[in-house]
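Trainee: Could you take me through this structure step by step, with the terms explained as they come up?

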Amino acid sequence: MDIFEKVAGNMGPLGQYADQGYGYFSFPKLEGDISNHMYFRGKPVLVWSLNNYLGLANHPEIRKADTAASEQFGLAAPMGARMMSGQTSYHQQLEQELAAFENKEAAYLLNFGYMGMVSIIDSMLDRHDVVVYDSESHACILDGLRLHIGKRFVFPHNDLEKFESQIKHARKVADLSGGGILVITEGVFGMPGDLGNLKGILQFKEKYGFRLLVDDAHGFGTMGSTGAGTSQEQNVMDGVDVYFGTFAKAMAGIGAFVASEKRIIKALTFKMRSQIYAKSLPLPMVVGSLKRLDMIRTHPELREKLWTIVNALQAGLREKGFDIGKTQSPVTPVFLQGGPIEATQVIADLRENFGIFCSVVIYPVVPKGVIMLRLIPTASHTLEDVSITINAFAEVRKNLDAGKYATGGIPALADKF
Ligand SMILES: Cc1ncc(COP(=O)(O)O)c(C=O)c1O
């Protein structure tokens with residue numbers, strides 16, 4: 001078998017509809033300045049699919065800081081990996097400020113959250129150690145676990161009873177192997193928007209003895225009284241042993257960080273292969289992140305505005321009888337009933353006739369027969385955007401219930417790859 005034949009012949013679960021959906025349902029191009037109103041295929045759309053929670057992406061102060069940093073340093077600097085020639089005082093300053101913000105002793109920057117998480121897991125564990133993790137963990141956690149050759153136990157999403165039975169097994173195995181236990185969960189689960197039950201998990205910490213690693217990609221900057229995240233929201237900042245946040249969402253940048261005790265950050269700094277063998281984060285992003293963090297600290301009104309929009313959107317959808325699941329965060333799923341064809345027609349109708357752009361998720365991410373539309377409210381949305389959207393959703397649901405989307409196949413909207 002020629003490897004090329006095999007690769008081209010199996011597109012994988014996400015690629016199976018590539019020819020029907022490319023450029024429309026997958027890889028759509030949103031154009032114009034990042035905001036609540038952008039362009040899709042030349043038409044204006046109200047956008048609900050950007051993780052620009054605090055509206056920082058195009059905030060004039062951020063644009064100014066990014067431009068000044070790019071002019072001062074260029075995009076190349078620093079050259080090389082941190083360990084070799086890519087270390088700067090700005091990287092260290094950002095780490096100190098992030099650590100202080102998270103009430104931890106130290107922090108370390110990660111070039112991509114995804115690769116960073118893979119390496120955090122890889123660096124912390126050896127074959128004697130045992131992992132207990134939530135079943136809905138993000139791909140970066142699952143890929144980190146692929147590198148783990150010791151035992152692992154999964155518990156059904158946020159199910160504390162099952163968590164306890166798994167941690168009991170983990171304790172037995174770790175006692176036999178002489179290893180330790182790492183529990184991994186998320187702060188905000190990015191698809192359903194519910195929170196990891198950090199407080200609940202931590203009740204068992206003393207009894208079973210483990211360390212807790214939390215991926216708070218969606219919670220950093222959005223949750224908690226100062227935006228320090230889900231651990232702050234649940235009043236368990238000290239109980240979370242290793243805190244992970246990304247710059248790709250509320251910070252509207254790229255890169256990420258991990259925060260913990262100094263001795264752990266020191267070890268990770270010398271062990272995380274995806275960071276050691278990769279170029280340092282470019283200076284404009286580091287300096288731009290210092291500005292973003294400062295904005296999070298000094299402009300609580302951005303978070304308040306975000307939550308005004310979140311509360312209006314979620315309450316409005318609930319009032320109209322929409323099922324938005326168990327969200328406790330800005331992430332707002334809207335569950336409808338229908339198959340893949342109906343899902344594509346719902347999205348096409350929303351985009352073409354109502355000018356609303358949101359993401360859609362179908363089986364296998366959600367159960368068969370469920371269409372999940374996913375809305376991400378931000379501080380740059382308005383209450384008018386909210387009411388336009390809720391009315392449009394009500395119209396689309398009427399059409400769906402009347403069977404209007406059941407026939408006709410997938411709309412012919414795809415681009416050629
Ligand atoms: C829960 C979670 N963890 C990690 C990541 C990866 O972060 P990054 O975009 O910084 O690689 C994401 C982003 O999609 C995420 O949602």
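Trainee: How do the residues of the shell around the ligand divide into nonpolar, polar and charged?

Mentor: Ala, Val, Leu, Ile, Met, Phe, Trp, Tyr, Cys and Pro count as nonpolar, Asp, Glu, Lys and Arg as charged, and the others, Gly among them, as polar. On that scheme, the residues of the shell around the ligand come to 7 nonpolar, 5 polar and 2 charged.

Mentor: Before we go on, note that this is a predicted model, in which local features need pLDDT of at least 70 and side-chain atom pairs count only at pLDDT 80 or more, while totals for chains, interfaces and linings use all residues. Residues are numbered from 1 along each chain as its sequence is written.

Trainee: Which helix gives the largest share of the shell around the ligand?

Mentor: A residue is near the ligand if its C-beta atom, placed from the backbone, lies within 6 Å of it, and 14 residues surround the ligand, the closest being Gly113, Tyr114, Ala217, Thr246 and Ala248. Helices (H or I, at least four residues) and strands (E, at least two) are DSSP runs, numbered from the N terminus. The largest share of the shell, 3 residues, is supplied by the helix of residues 113–124, which is α6.

Trainee: Is Leu75 buried or exposed?

Mentor: Leu75 sits in the loop between α4 (60–73) and α5 (89–101). A residue is buried if 20 or more other C-beta atoms, placed from the backbone, lie within 10 Å of its own, exposed if 12 or fewer, and partly exposed in between. Because Leu75 has 10 C-beta neighbours inside 10 Å, Leu75 counts as exposed.

Trainee: How far apart in space are Leu75 and Pro284?

Mentor: Leaving aside residues up to four places away in sequence, Leu75 touches Ser70, Pro282 and Pro284, where contact requires C-beta atoms, placed from the backbone, within 7 Å. Leu75 and Pro284 are 209 residues apart in sequence, yet their C-alpha to C-alpha distance is 6.6 Å.

Trainee: How many residues of domain 1 are in contact with domain 2?

Mentor: An automatic or database domain assignment sets the bounds, dividing the protein into domain 1 (3–53 + 300–416) and domain 2 (76–298). Their C-alpha centres lie 29 Å apart. On the domain 2 side 17 residues take part, and on the domain 1 side the number is 16.

Trainee: Which elements each supply at least two residues of the side of domain 1 that touches domain 2?

Mentor: That side of domain 1 divides into 7 nonpolar, 7 polar and 2 charged residues. The elements that each supply at least two of its residues are α15 (300–319) and β11 (332–337).

Note on methods:
Contact = placed C-beta atoms within 7 Å.
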